[in-house]
Amino acid sequence: MSGGGASTRPAVLITGANRGLGLEFARQYAAAGWRVLATCRDPISATALQEIAAAWEAVSIHALDVTDGEQLARLARELGTLAIDLLILNSAWLGPQAGQRMGELDATLFERSFAANATGPVSVAEAFLPHVERSAQKKIVFLGSAAGAIGVLRPPVNLYAYRASKAALHLLARALSIDLAPRGIRVGLVNPGLADTRGLLALGPDEAPPPDLAPVLQLVRAGVIEMITAEAAVTGMIGVIDALGPATVGQFLNYDGAVIPW
Ligand SMILES: NC(=O)c1ccc[n+]([C@@H]2O[C@H](COP(=O)([O-])OP(=O)(O)OC[C@H]3O[C@@H](n4cnc5c(N)ncnc54)[C@H](OP(=O)(O)O)[C@@H]3O)[C@@H](O)[C@H]2O)c1
């Protein structure tokens, strides 16, 4: 990853940087010498992010709910003519399992998922387009999900609203990659793999996971699916982002660089 000194450091803006993969992105880019604009819904309660900001002078924290158009416009105005080399649209809302299974579908969960996971991230990309365009690296990266890839859909089929909103995001990312290429802006779409953002890998054999996550942990423990650490997922994705160029723009790429079918 290319970093730099105070005057030359590239800048990254990250959504949902208070926990999970967003927090890890903030940590790794800060450690690499980047200017990090870490956004989250509630900066006051973002204690882990505040610790990173206290440790690295080039990290600033900004309030941003990606579904709040007024807040988004205000932040874009506040950042003025700042150049943003890399925009990471990381935030997402998974929602509860209940209401996302056939037989009990809750339409309001679809509305909330699409706002948080599809239209919200694209609105953020649109609002910061001038900042990205005036930067050296000119990259916009969306966090997709294999859960929203139609080509790899397997049972058990659940999380209907989340899956549909991610499939919509994938289409939007692909469309943007084509739309913005003539302006020199590189749009990427990455999948983190199944990354442990809830401390499941640290649970002892007798410790119970949250009920929603018990089926996943069972499959991980049985060796059916692989779960990686948040640190490994983010390190892998940063490698993919570093390599984002004409050959990989607009593809759906796993954290290890493998192409995922749409
Ligand atoms: N972890 C995985 O295994 C995995 C697998 C595939 C894809 N992904 C994708 O990778 C990304 C990060 O995943 P994660 O596991 O780190 O998720 P996470 O731990 O659930 O964190 C989600 C983040 O998004 C934020 N967020 C939710 N709604 C928001 C909104 N309207 N505006 C701004 N921020 C909002 C949350 O903020 P609050 O704290 O305020 O709720 C939180 O910071 C997501 O796009 C996810 O879909 C993850």
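In this predicted model, a polar backbone atom of A195 lies 2.8 Å from an oxygen atom of the ligand. The protein buries 88% of the 900 Å² that the ligand exposes when taken alone. Two further backbone approaches involve ligand oxygen atoms. A polar backbone atom of L21 is 2.7 Å from an oxygen atom of the ligand, and for A92 the corresponding distance, from a backbone N or O atom, is 3.3 Å.

The shell around the ligand can be described by its members and by their chemical character. There are 25 residues around the ligand, and N18, R19, R41, N90 and Y162 come nearest. By class, the shell comprises nine nonpolar, 11 polar and five charged residues. Two helices, α1 (20-31) and α6 (160-180), each contribute at least two residues to this shell.

From the ligand one may turn to the strands, beginning with β1, which spans residues 11-14. Are the residues on the two faces of β1 buried or exposed? A11 and L13 on one side are buried, as are V12 and I14 on the other, and both faces of the strand are therefore covered; the term buried here denotes a relative accessible area under 20%.

Strand β1 has pairing partners in β2 and β4. With β2 (residues 35-40), the pairing is parallel and extends over four bridges; within it, V12 has V36 as its bridge partner. With β4 (residues 86-89), the pairing is again in the parallel sense, over three bridges, and L13 stands opposite L87. The connection from β1 to β2 involves a helix already met at the ligand: β1, α1 and β2 make a right-handed β-α-β unit. Helix α1 thus appears both in this unit and among the elements that supply residues to the ligand shell.

Following β2 onward leads to β3 (residues 59-63), which runs parallel to β2 and is joined to it by five bridges. In this pairing, L37 is found opposite S60. Here too the connection is a right-handed β-α-β unit, made by β2, helix α2 (residues 47-55) and β3.

The backbone also has several notable local conformations. As a point of reference, most residues other than glycine have a negative phi, and most peptide bonds are trans. K138, in the loop between α5 (129-133) and β5, is not a glycine yet has a positive phi of about 55°.

The loop between β5 (139-143) and α6 deserves separate attention. N158 is located in this loop; at C-alpha positions, N158 and L143 are 20 Å apart in space and 15 residues apart in sequence. P156 also belongs to the loop between β5 and α6, and the peptide bond joining P155 and P156 is cis, with omega about 0°. L159 is placed in that loop as well and adopts a positive phi of about 45° although it is not a glycine.

Why do N158 and L159 count as buried? The relative accessible area of N158 is 18% and the relative accessibility of L159 is 12%; both residues count as buried because the cut-off is under 20%. Beyond this loop the chain enters α6 (160-180), one of the helices that supply at least two residues to the shell around the ligand. Y162 is among the residues that come nearest to the ligand, which returns the description to its starting point.

How values were computed: Residues are numbered from 1 along each chain as its sequence is written. This is a predicted model: local features need pLDDT of at least 70, side-chain atom pairs count only at pLDDT 80 or more; totals for chains, interfaces and linings use all residues. Side-chain values use heavy atoms; hydrogens and water are left out. A residue is near a molecule or strand if one of its heavy atoms lies within 4 Å of it. A polar contact is a pair of N or O atoms within 3.5 Å; within protein, one must be able to donate a hydrogen and the other to accept it, and residues adjacent in sequence count only if both atoms are side-chain atoms. Accessible areas come from the Shrake-Rupley method with a 1.4 Å probe; for residues, only the protein chains shown count as cover. Ala, Val, Leu, Ile, Met, Phe, Trp, Tyr, Cys and Pro count as nonpolar, Asp, Glu, Lys and Arg as charged, and the others, Gly among them, as polar. Buried means under 20% relative accessible area, exposed over 50%, partly exposed in between (1.4 Å probe, protein chains only). Two strands pair if DSSP finds at least two bridges between them. A crossover is right-handed if, with the strands pointing away from the viewer, the path from the first strand over the helix to the second runs clockwise.
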